[in-house]
Amino acid sequence: MEEPDTKCQAKLESLKKEFEDFIYIISHDMKTPMRAISNISNWIEEDLGATINPSIKENFNLLKNRVQRLENMMNAMLELSRVERYDMDFIEVNIPKLIDEIIFITKDKLNTEFHISLHLKNENFITYIKKLEKVLLSVIDNSVRFNNNIKKNVYIEVVETDINYEFEIKDDGLGVEEAVKDKIFDIFYTVHSKDVLDTTGSGLAISDKILKFVGGNIEYKKNPSGGSIFKMIWPKNIEIKK
Amino acid sequence: MTQKLVNILLVEDDEVDVMNVKRAFAKNNIKNELFVAGNGVEALEMLNSSIVPLPKIIILDINMPKMNGIEFLKIMREDDRFKNISVFVMTTSNEDSDKINAYNLNVAGYILKPLSFEKFLSSVATLKNFWQLCEL
């Protein structure tokens, strides 16, 4: 019985590799012509000089914005394809310090209050530090960004169990409609039009892939008082893959 | 004060990237003579024959047809006449292996080709200060 299994496994591995290479080549090689479009549109605009027709100016802005969006999407695709191969630093992380650092680099947090509650026996553990950071940053960044309140609240709770660290990030923001709650982990899916909130829609897709990679999981729940709750289970012991 | 500007050789196969460098030079008022080679083979030919005096600075793309940037660097570093030229790698490749290969061949800098021209302009402005030191 074992043989067909091994064969299947080998086939799966080779398909996976082919798929990752494919994504990598696409996102890498397509950047050159994309950069050319961006540069040339800038040069045309420059050469037209200061007396540019407002409608042309507006179209240039749209063109540049969309090329930028395309680049963000390609970078996201590249990042997604690299989850299992890049940023593999496996070192000690201090959870309170990591959370402080993430809050520090979170953008547009001016009117946000962060409520942190930690239930930890061991503040330090050894893990894929950059991957944990990426996931927490994506979710915390979303909870600040998808929130129109004048005063925003983000609640970060970490509970240590025997085998896991459980992170719960709760906000009082816009939340996600029940009907689309499974789609939010799809790459490039955005709840709001990209013209309203210019976002790539990749943070949760990459986070989901990271959590699968480490053998944990991430899920969304609606906050009963409005907003989102993301719960992540991150195993204490991760089997290092070759 | 008259100061002799050093020659610069750009090794780059993409026409748009050549224009990019030329525009960045013009915007930063860099008046050094710029020679352009389309790949490593052409660059070696130019170094061997046509550029007088020899460039002190090379801006080098990595992914090119015929002879890529890393192969070119290897050959160049083995030649006593060329081994002291400052080389700046300018590439879309963010691969660690390319960076390591380049730094092992003693490059002065590694510029990642950005999407926007503005970012490139600021790198060129920084390089200009370095080049002025080379001219002393």
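# Two chains, their sheets and their contacts

Q: How many salt bridges turn up in the whole structure?
A: The search over all chains of this predicted model finds 17 salt bridges.

Q: Can I have one as an example, say the partner of Glu45(A)?
A: Glu45(A) pairs with Lys57(A), and their closest N and O atoms are 2.9 Å apart. Glu45(A) sits in helix H2 of chain A and Lys57(A) in helix H3 of chain A, so the salt bridge ties together parts that are twelve residues apart in sequence.

Q: And how many salt bridges run across the interface of chain A and chain B?
A: Four, by the rule used. One of the salt bridges in the structure joins the side chains of Lys27(B) and Glu46(A), at 3.1 Å from N to O.

Q: Which elements of chain A touch chain B there?
A: Helix H1 (2–29), helix H2 (31–48) and helix H3 (54–81) of chain A each give two or more residues to that side. H2(A) gives the most, with eleven residues.

Q: What kinds of residues are on that side of chain A?
A: Seven are nonpolar, six are polar and five are charged.

Q: How many residues are in contact between chain A and chain B?
A: 18 residues of chain A are in contact with 18 residues of chain B.

Q: What area do the two chains bury between them?
A: About 1600 Å², with 49% of it on carbon and sulfur atoms. His28(A), Arg35(A) and Trp43(A) supply 41% of the area that chain A buries against chain B, more than any other three residues.

Q: What about residue pairs in polar contact between the chains?
A: The count is four, with both residues of each pair at pLDDT 80 or more.

Q: New topic. What is the secondary structure of chain A?
A: Chain A has six helices and seven strands. Along the sequence they follow the pattern α-α-α-β-α-β-β-α-β-β-α-β-β.

Q: What box do the C-alpha atoms of chain A fill?
A: Roughly 70 × 55 × 35 Å, taken along the principal axes.

Q: In what order do the strands of the sheet in chain A come?
A: The order is S2-S4-S5-S7-S6, in an open sheet of five strands with mixed pairing. Strand S2 (112–119) and strand S6 (217–222) of chain A stand at the edges with a single partner strand each, so one side of each has no neighbour in the sheet. From one strand to the next, the twist averages 15 degrees.

Q: Do S2(A) and strand S4 of chain A pair in the parallel or the antiparallel sense?
A: Parallel, over eight bridges, with S4(A) covering residues 152–160. As one of the bridge pairs, Thr112(A) has Lys152(A) as its partner in S4(A).

Q: Which helix packs on that sheet?
A: Helix H4 (residues 95–105) of chain A, which touches S2, S4 and strand S5 (164–171) of chain A. The direction of H4(A) makes about 170 degrees with that of S2(A).

Q: And at the other edge, how does S6(A) run against strand S7 of chain A?
A: S6(A) and S7(A) (residues 228–235) run antiparallel and are joined by six bridges. In this pairing Ile218(A) stands opposite Met232(A). S6(A) and S7(A) form a hairpin with five residues between them, and Gly226(A) in the turn has a positive phi of about 95 degrees.

Q: Now chain B. What is the strand order in its sheet?
A: It is S2-S1-S3-S4-S5, an open sheet of five strands with parallel pairing. Strand S2 (34–37) and strand S5 (109–112) of chain B are the edge strands, each pairing on one side only. Neighbouring strands are turned by 20 degrees against each other on average, direction ignored.

Q: How many bridges join S1 and S3 of chain B?
A: Four bridges join S1(B) (residues 8–11) to S3(B) (residues 57–60). Val11(B) has Leu60(B) as its bridge partner in S3(B).

Q: What packs on the sheet of chain B?
A: Helix H2 (residues 40–50) of chain B touches S1, S2 and S3 of chain B, and its direction makes about 135 degrees with that of S2(B). Helix H3 (residues 69–77) of chain B lies across S3 and strand S4 (86–91) of chain B, at about 155 degrees to S3(B).

Q: Last one: where is Leu34(B), and what is in contact with it?
A: Leu34(B) is in strand S2 of chain B. Beyond its neighbours within four places in sequence, Leu34(B) is in contact with Ile8(B), Leu10(B), Val21(B), Lys22(B) and Phe25(B).

Methods: Residues are numbered from 1 along each chain as its sequence is written. Chains are lettered from A and ligands numbered from 1 in the order in which they are written. Side-chain values use heavy atoms; hydrogens and water are left out. Contact means heavy atoms within 4.5 Å. Buried area is the accessible area (1.4 Å probe) that two parts lose on being put together, summed over both. A polar contact is a pair of N or O atoms within 3.5 Å; within protein, one must be able to donate a hydrogen and the other to accept it, and residues adjacent in sequence count only if both atoms are side-chain atoms. Ala, Val, Leu, Ile, Met, Phe, Trp, Tyr, Cys and Pro count as nonpolar, Asp, Glu, Lys and Arg as charged, and the others, Gly among them, as polar. Two strands pair if DSSP finds at least two bridges between them. Axes are lines fitted to C-alpha atoms, for helices over the stretch in contact, and angles run from 0 to 180 degrees between N-to-C directions.
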